[in-house]
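Good morning, and thank you for making time for this presentation. Please have the sequence and the model open before you as I speak.

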Amino acid sequence: MSAPDPRLSASAPRARDIGLGVGDLPTGPHNALTDVPGVRVGHTTLIDPPRVHSGVTAIVPDGISPQRPLPAGVFVGNGYGKLLGSTQLAELGALETPVLLTSTLSAFRVADALVGWMLERPGNEGVRSLNPVVGECNDGLLSDIRSRPVREEHVRSALEGASDGPMAEGCVGAGTGTTALGFKAGVGTSSRRLVLSGREVTVGVLVQANFGGTLRISGRTITPVDVGLPDPDVGPDQGSCMVVAATDAPLDARQLTRMARRAVYALARVGAGYGHGSGDYGLAFGTRPLGEPAGPTVLPDDRLDPLFVAVLDAVEEAVLNSLLTATTTTGPERHTRHGLPVGPLLTLLGRARSV
């Protein structure tokens, strides 16, 4: 049932490939979370159509452990969701483990598997307390969520297969069964490079898009009917969105919480509804370990505006990438969500396809 990780291909253009890149800042080389030095991403994708479309995504900072935590912050826009480990993270401003994303009812198995994997890492032989961080979205429209298909071996595969470089997007890992804004969605990513106080830094984001509302691109609302697709066969999506951001900028936990807040704000740009049933979470971490004596001092708050712009732009583009790279999927009860078709979209926006 486990499927290999698909890679980016010419048949699935990203937003920037078709002239829908967001903002003026340059991207990193892969326009992905993995452009942040020391951050790797892995997916395990589970497909057994039409019953199962699910999986797990692992965001793995190099060398992270309880002895080498990273500064981090979290922001909850609407709390109808599960972000395991968030209270300790918010209290201490410290991330001790990789961040894993999965399906709602699989989150607890994933957390247990993450704990087991971490306890086996060299240097953790004496660990007696650990705060696993696991987020989720409900993929029950397109997958048999009650079967809880994600197992320990799938979690370990995602963790151990995590790599830098270009990232698979769309119907992969934790995004295999997710939907957003009336379309099939999934995992999306983007990055930005900028200069803060004379230092070049990188911001990268990854979204697990599964939320309601009406898609908005370049100021125009876009429904499935507008691009030649049928109306969604059930009511509006009531899922969630997990946004994970990372940066090598020298920030403390409080500043990273401010960054996480902007990550959730950015969802409004693409039309997020922030409904009763939506869990909208932002988590941001830095790659400089807490207590590290060497390195630049923390940036003053009044220098952070360009970073906030970078986060807003990257999240907006990551959501567009999650929609454009996803493929039409039908679930066990014959509910279907269609991928966002590029040709009709560009025609609607009055733009010629550039790829």
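I begin with Val74, a buried residue whose relative accessible area is 12%. The model before you is a predicted one. Val74 belongs to strand S4, which covers residues 70-79. What does Val74 touch, if residues up to four places away in sequence are not counted? The residues are Leu83, Ser86, Leu89, Ala90, Thr257, Ala260, Gly282 and Leu283. As for Val311, it stands 237 residues from Val74 along the chain, and the C-alpha atoms of the two are separated by 14 Å.

Let me turn to the cavity. How many cavities of 30 Å³ or more does the structure hold? It holds one. As a general point, rolling a probe the size of a water molecule over the atoms shows where empty space is left. The volume of the largest cavity is about 40 Å³. Its lining consists of Leu83, Val99, Leu101, Met242, Val243, Val244, Tyr281, Gly282 and Leu283. Three strands each supply at least two residues of this lining, namely S7 (99-103), S15 and S16 (279-286). By character, the lining residues comprise eight nonpolar, one polar and no charged. Leu83, Gly282 and Leu283, which I named among the residues touched by Val74, also appear in this lining.

Next, the nonpolar cores. The largest nonpolar core has 57 residues. Which of them touch the most other members? They are Phe211, Leu215, Ile222, Met259, Val315, Leu323 and Leu345. Both strands and helices give two or more residues to this core: the strands are S11 (187-196), S12 (199-210), S13 (215-217) and S15 (240-247), and the helices are H4 (253-265), H5 (305-324) and H6 (342-349). Helix H5 provides the largest share, with 12 residues. Separate from this core is a second one of 29 residues, and among its members are Leu33, Val172, Met242 and Tyr281. Met242 and Tyr281 belong to this second core and also line the largest cavity.

I now come to two buried polar side chains. Thr57 is situated in strand S3, residues 52-61. Thr57 counts as buried because its relative accessible area is 0%, below the 20% cut-off. With which side chain does the side chain of Thr57 make a polar contact? The partner is the side chain of His43, at 2.8 Å. In addition, a polar atom of the Thr57 side chain lies 2.9 Å from the backbone nitrogen of Ala174. Once neighbours within four places in sequence are left aside, the contacts of Thr57 include Val41, Gly42, Val99, Leu101, Val172, Gly173 and Leu206. Of these, Val99 and Leu101 are also in the cavity lining, while Val172 is in the second core.

The other residue is Ser322, in helix H5. Ser322 is likewise buried, at 0% relative accessibility. Its side chain reaches the backbone oxygen of Val319 at 2.7 Å. Apart from residues up to four places away in sequence, Ser322 touches Gly170, Lys184, Ala185, Gly186, Val187, Gly188, Val207 and Ala209.

Some points of backbone geometry deserve attention. In general, most residues other than glycine have a negative phi, and most peptide bonds are trans. Against that background, where is the cis peptide bond I wish to show you? It runs from Pro49 to Pro50, with omega near -5°. Pro50 is placed in the loop between strand S2 (39-48) and S3.

Ser218 has a positive phi, near 50°, and is not a glycine. Ser218 sits in the loop that joins S13 to strand S14 (220-222), and at 53% relative accessibility it is exposed. Tyr274, again not a glycine, has a positive phi of about 45°. Its place is the loop between H4 and S16. Is Tyr274 buried or partly exposed? At 31% relative accessibility, Tyr274 is partly exposed.

I close with Pro149, in the loop between strand S8 (133-137) and helix H3 (152-160). Although Pro149 lies in a loop, it is buried, with a relative accessible area of 7%. Between the C-alpha atoms of Pro149 and Gly79, which are 70 residues apart along the chain, the separation is 25 Å. Thank you for your attention.

Key. Residues are numbered from 1 along each chain as its sequence is written. This is a predicted model: local features need pLDDT of at least 70, side-chain atom pairs count only at pLDDT 80 or more; totals for chains, interfaces and linings use all residues. Side-chain values use heavy atoms; hydrogens and water are left out. A nonpolar core is a set of buried Ala, Val, Leu, Ile, Met, Phe, Trp, Tyr and Cys residues joined through side-chain atoms within 4.5 Å. Buried means under 20% relative accessible area, exposed over 50%, partly exposed in between (1.4 Å probe, protein chains only). Helices (H or I, at least four residues) and strands (E, at least two) are DSSP runs, numbered from the N terminus. On a 1 Å grid over the protein atoms alone, a cavity is a set of points where a 1.4 Å probe fits but cannot get out, and a pocket is an open set with protein on both sides within 12 Å along at least five of seven lines; lining residues have an atom within 4 Å of a point. Grid points are joined across faces, edges and corners, and a volume is the space filled by probe spheres set on the points. Ala, Val, Leu, Ile, Met, Phe, Trp, Tyr, Cys and Pro count as nonpolar, Asp, Glu, Lys and Arg as charged, and the others, Gly among them, as polar. A polar contact is a pair of N or O atoms within 3.5 Å; within protein, one must be able to donate a hydrogen and the other to accept it, and residues adjacent in sequence count only if both atoms are side-chain atoms. Contact means heavy atoms within 4.5 Å.
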